[in-house]
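Reader: Hello! I am new to this structure and would like a close look at one part of it, with some help seeing how that part fits into the rest.

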Amino acid sequence: AAGDHSIEGLVARVEAHLAQNPDDARGWEVIAPVYMRLGRADDAVRAWKATIRIAGSTERRQIGLGEALVAGAEGKIGADAQTAFREALKAEPKSVLPRMYLAAALGQDGRLAESVDAWKAIAAAGTDADPWMPVVREELAKAEAAARGEPMPPPAEAAAPPAAAPGPTSADVQAA
């Protein structure tokens, strides 16, 4: 309990623990997303690989590994990341995030028609209520434009915040 409570100090303590207990899957699993937040993608890859080796593959672990690989490759969704996302889909076939990465990878690889089809399939599986649907629609529009040889459309503008939101008056509150 005593000692350095900064994030760096806490990470150092976990790293020291893992050096003494390299088969502590939970320790690796806890530190992996922390490494990502700290911009240490290579360390996150190592941590996710250790977690998977020790505790087995799960959707969440494979997504974490794939995202760390993408971060380490500065956004390129390479073969190893694609493998991780496919493994995540083996664990949970309806998982949206790995499907999104794989659709983007098709576009990065120049397989534009396949990318459009993949984005359309993701969109068809969702509803307007899904929080990821705006991103899917935006990426689908980009993929369709690229497939037509058009320049990429600009990112959608964030909606302006509403003016004062309507709410109950003080009389309404008193009546309630």
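In which helix is Q62 found, and what surrounds that helix?

Author: Happy to help! Please keep in mind that this is a predicted model. Q62 is found in helix α4, which covers residues 59-72.

Let's start with the setting. The protein has nine helices and zero strands, and along the sequence its pattern reads α-α-α-α-α-α-α-α-α. It has 176 residues, of which 32% are buried. Among contacts with a separation of 6 or more, 37% are between residues 24 or more positions apart. The protein exposes about 10700 Å², and carbon and sulfur atoms supply 57% of that area.

Now to Q62 itself. Its relative accessible area is 6%, and since buried means under 20%, Q62 counts as buried. Leaving aside residues up to four places away in sequence, Q62 touches I52, S57, A84, E87 and A88. Two of these names can be placed on neighbouring helices: I52 falls within α3 (41-55), and A84 falls within α5 (79-91).

Next, the helix around Q62. With 14 residues at 1.5 Å a residue, α4 should span 20 Å, and its end C-alpha atoms are indeed 20 Å apart, so the two values agree. Q62 has buried company in α4: R61, I63, G64, L65, G66, A68, L69 and V70 are buried as well. A general point about helices helps when looking at such a list: an α-helix has 3.6 residues a turn, so residues three or four places apart point the same way. The cover over the buried residues of α4 includes α2 (25-37), α3, α5 and α6. Just after α4 comes E74, which takes a positive phi of about 55°.

One of those covering helices, α3, deserves a closer look. The axes of α3 and α4 lie 8 Å apart, and the two helices pack at an angle of about 155°. Angles over 145 degrees count as roughly antiparallel, and α3 and α4 are therefore roughly antiparallel to each other. Their crossing is left-handed. On the α3 side, the contact is made by A41, A44, V45, W48, K49, T51, I52 and A55; on the α4 side, by R60, R61, Q62, G64, L65, A68, L69, A71 and G72. So Q62 and I52 both appear in this contact, which fits with I52 being among the residues that Q62 touches.

Another helix in the cover of α4 is α6, which runs over residues 96-108. Its 13 residues should span 18 Å at 1.5 Å a residue, and this agrees with end C-alpha atoms that are 18 Å apart. In α6, the buried residues are V96, P98, M100, Y101, L102, A103, A105 and L106. The covering goes both ways, because α4 is in turn among the helices that cover the buried residues of α6, along with α5, α7 (112-124) and α8 (133-147). After α6 comes G110, with a positive phi near 80°.

Finally, α7 and α8 also pack against each other. Their axes come within 9 Å and cross at roughly 155°, and α7 and α8 are therefore roughly antiparallel. Here too the crossing is left-handed. The contact brings together L112, S115, V116, W119, K120, I122 and A123 of α7 with M133, V136, E139, L140, A143, E144, A146 and A147 of α8.

Notes. Residues are numbered from 1 along each chain as its sequence is written. This is a predicted model: local features need pLDDT of at least 70, side-chain atom pairs count only at pLDDT 80 or more; totals for chains, interfaces and linings use all residues. Side-chain values use heavy atoms; hydrogens and water are left out. Helices (H or I, at least four residues) and strands (E, at least two) are DSSP runs, numbered from the N terminus. Buried means under 20% relative accessible area, exposed over 50%, partly exposed in between (1.4 Å probe, protein chains only). Contact means heavy atoms within 4.5 Å. The expected span of a helix is 1.5 Å times one less than its number of residues. Accessible areas come from the Shrake-Rupley method with a 1.4 Å probe; for residues, only the protein chains shown count as cover. Axes are lines fitted to C-alpha atoms, for helices over the stretch in contact, and angles run from 0 to 180 degrees between N-to-C directions. Angles under 35 degrees count as roughly parallel, over 145 as roughly antiparallel, 65 to 115 as roughly perpendicular and the rest as oblique. A crossing is left-handed if the near helix is turned anticlockwise from the far one by less than a right angle, and right-handed if clockwise.
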